Amino acid sequence: MISPCENAGVKPAPLTSKDFRSDLKPIWCPGCGDFGVVTALYRALAAIGRPPHEIAFVSGIGCSSRIPGYTTAYGFNTVHGRALPIAQGIKMAKPGLLVLAAGGDGDGFSIGGGHVPHAIRRNPDITYIVMDNQVYGLTKGQVSPTSARGTKTPTSVYGSLEEPVNPLLYVLAYGCGFVAQGVPADMDGLTKMLEEAIRYPGFSFVNIQSPCVSFGDPENQAKVQKTKMQKLSDLGHDPTNRLRAMELAQQYGTALHTGVYYRNPNPPPTYDSLITQLQAEVSAPKA
Amino acid sequence: MNDLIIGMAGSGGDGIVSAGESLISALSVEGYFAILTKSFGSQIRGGESSCRLRVATSPVLNPGGTLDVAVVLNWEDFLRFGGELPVGDRTIVIYERKTKFTPDTVPLGGVHPAAILAVPFEEMAMKSAGALLAKNNVVLGLLAAWFGLPRTSILEGIRKKFAKKGEAVLAGNERAFAAGVEYALQNPIPAARVLAAARPPTGKVLLTDGNELCARAALFAGCKFFGGYPITPATEIMQHLQRDIWKHGGSLLQAEDEIAGAGAAVGASFAGVKAMTATSGPGFSLKAEMLGLASVTELPLVCVNVQRGGPSTGMPTKREQSDLFAAVFSAHGDTVRPVLAPISVADTFGITVEAFNIAEEYQTPVIVLSDQELAQRKEIVPPIDTTQFRVVERQKPAGDELTDYQRFRLTESGISPLSHPGMQGGNYLAAGIEHDESGAPTANGEIHARMNDKRLHKFAPLQDRRDLFFTEGEPDATIGLISWGSVAGIALEALRRVRAEGIEIKLLVPKLLYPIPEQIYREFFKTLTRCYVIEQSHQGQLHRLIRMWTDVPREFNVLAKSGANPISPDEIVDRIRAMCRPLSPGHRGNAARSDFTRIP
């Protein structure tokens, strides 16, 4: 386990974004929203101040799931849809680590959709970042679980016949304690929200509308986002109001809200803290 | 009489299994060796249930074949177990009198047992205890008196069991037991074979099963994380660990599915602790992607597969050895995952520890192929001397290795020191995607070939693991047997019996099933002209796997049988005798009777 005062007495220099940027060159297309996401994350991590070797960053498969490799943290680019189970195993084994999970909308809400509710109900102190672009980009443009009904792609030539998943409502409904949505077009807002999500003591979820420049909807590119986005704070939303958050989340796919939908004002105990407590209780010598 | 096999069957509420448990527990106190095999229909509660108990004055190698004693509380239930409770000409059949069958009409399909006795169990239970539920204790009293089982210890067990149920219930059950004893004394069976007294026990013995020992071994080996999902017949591993793993500073996740259970274990291993998952066939199919991920990221992981009848849901409560191919070829891609199999309940401990050792040493998933028989049968075993087992830790980078750390550095052994989060300077990217020495993703063919070579080459030392092969018999015999898993104990008994008749023969039992150590097989085959592989799968999977890897003797045959019905030592003995006898034209031997599959 990592104790926060491992280097007690030595005052390290404050960390900067650069400390979190790896030497690997991203495979993303020029203009991809994920560049903004990773930059915002570098900044958020620098602000948090945990050194990279105390961070485990887990992802699934997809363009966005390449993200751990572009950081200096311990990265684990796993298999499709399984970032959350693997991240939970890490957190359970070493509760002292800062654990992040990331992936795309297909990874999190299609192939890995079954893992999300269970991560939420266990409530480990993990931040889950979904780069939602409503399309399978890595396989070149198929319909995804968050694509709007009627979306035409090579696997939905006549238009998709299905309603999309609403990631925000999905996690709110299962009781996620921290739910936010950001856009790379608003770097400051995104950075702040990621930092807040990581600081939240429990499972936190950030949906990032990260435009796919090659296969995405022209209506969901950075330029359009800038004109379309509405800050929840500007709307006077109170992020402790879960029911109002769910109402606002219903507009996923029509309006583009950014900011914190919901932050549980009384966070329940985290899974990892309960584990540590149980370990202490059952190993304590009987009086 | 040094060896007695008792089979009992009845309806769920008859307390047959509970009677078997009382018996084995009493026998363990007296210094006997015994195996108790329980078998149920697939109903959760009720339905038919049965148990077979083999007791002996020396170590018992397997549950045995034909019953010496068959207790039938209900014929319909008994017959459902078919070959699991085989009646032969030496069996004494005891059945509940309250039935339409008379000793002349009992439905035994042309078999003529040594004796058939109708006993009024129900009537005695009602008379003595005023409750049908006491029937099983009447059975115990009767068996004790007829076959020389330790009455005092059995009675003590009954007292312990009913102590909390109140004076009246306890007294009733004691009277039921006494009624059984009394009936037996008044109606002696001339044909009864009485069990010899055992040597008094020298110390404590364990009354345990494979699943429990697997869990204990995991904790002994230093396992700190278990991820799993309930599945028959593997669930008890998770249940045992759930009670204790926290005390060892570890944790356990009953995951949302089999994949997540294995995934969390992979995550825990990445985080630097020893991790395990356990399942049975259907779950094993699901875990394949995590086995592949652990192989390519070179992370230690122990995956136990308690085999049951397959394919698909198959026969969840029945024995079979049909997941060998699934284990050996468990995920896509060009790599090796070591596969180990214990050969007895006690051996499950050592094999599980060794699975952790190989996983940690070679940074690989290791598959333990247990089976329903070993996992769930209760057995009296001597205490396990844990000083004989080593515990291996993974190689971690230190000092200079942490400057410009290369996670997948190409080393002479193929093993590269493995860091974990929290270790400063050890930061790297683990990826399912192919990678270079630093961990950076690549699609370069040459790097891929070098990495494939690294991941295969590191297993070379396993070729010399003679300690993972059991062998017995004449080293220069021309006839050989090969067997594995729970069937090994059956083959071993058959081997000892035919050697006692003067037949020269030898047996090889691989506990390391994969990779195949070619040299070890080659040496075993050198003197052989004939060899039989004995296993409980329809295709004879080990037989085929060996042929894939090594040259085999001229006559290399298989005695393979689908699951559920056990292979009996008698069947193997008959085969070996037939093999050693010149066949007259038209002679079909005993083989015609057996249900071994015939494979060209």
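**Note on the predicted model of chains A and B**

1. Ile94(B) faces Leu117(B), a residue of strand 6 of chain B. The model under review is a predicted one. Strand 6 spans residues 115-119 of chain B, and its pairing with strand 5 of chain B is parallel, with 5 bridges.

2. On the side of strand 4 of chain B, Ile94(B) in strand 5 of chain B stands opposite Val71(B). Strand 4 covers residues 69-72 of chain B and pairs with strand 5 of chain B in the parallel sense, here over 4 bridges. Strand 5 of chain B thus has pairings with strand 4 of chain B and with strand 6 of chain B.

3. The connection between strands 4 and 5 of chain B also deserves mention. Together with helix 2 of chain B (residues 75-80), these two strands form a β-α-β unit that is right-handed.

4. How many residues of strand 5 of chain B are buried? Of the 5 residues in this strand (residues 92-96), 5 are buried, so strand 5 of chain B is largely enclosed by the rest of the structure. A residue is counted as buried when 20 or more other C-beta atoms lie within 10 Å of its own.

5. Lys161(B) belongs to helix 5 of chain B, which runs over residues 151-162. With 16 other C-beta atoms within 10 Å, Lys161(B) is partly exposed, because that class lies between the limit of 12 or fewer for exposed residues and that of 20 or more for buried ones. Between the C-alpha atoms of Lys161(B) and Asp371(B) there are 30 Å, and the two residues are 210 residues apart along the chain.

6. The contact between the chains involves 35 residues of chain A and 39 residues of chain B. On the chain B side, at least two residues each come from strand 8 (223-228), strand 9 (251-254), helix 9 (258-270), helix 10 (281-296) and strand 15 (429-431). Helix 9 of chain B contributes the most, namely 9 residues. The side of chain B that touches chain A comprises 23 nonpolar, 11 polar and 5 charged residues.

7. Strand pairing also links the two chains. Strand 2 of chain A (residues 74-77) and strand 15 of chain B are paired in the parallel sense over 3 bridges. Within strand 15 of chain B, Ala431(B) lies opposite Asn77(A).

8. As to confidence, chain A has a mean pLDDT of 95, and 95% of its residues reach 70 or more. Residues 1-7 of chain A have pLDDT below 50, and this stretch has 9 contacts in the model beyond near neighbours in sequence.

Note on methods: Residues are numbered from 1 along each chain as its sequence is written. Chains are lettered from A and ligands numbered from 1 in the order in which they are written. This is a predicted model: local features need pLDDT of at least 70, side-chain atom pairs count only at pLDDT 80 or more; totals for chains, interfaces and linings use all residues. Two strands pair if DSSP finds at least two bridges between them. A crossover is right-handed if, with the strands pointing away from the viewer, the path from the first strand over the helix to the second runs clockwise. Two residues are in contact if their C-beta atoms, placed from the backbone, lie within 7 Å. Ala, Val, Leu, Ile, Met, Phe, Trp, Tyr, Cys and Pro count as nonpolar, Asp, Glu, Lys and Arg as charged, and the others, Gly among them, as polar. pLDDT is the predictor's confidence in each residue, from 0 to 100.
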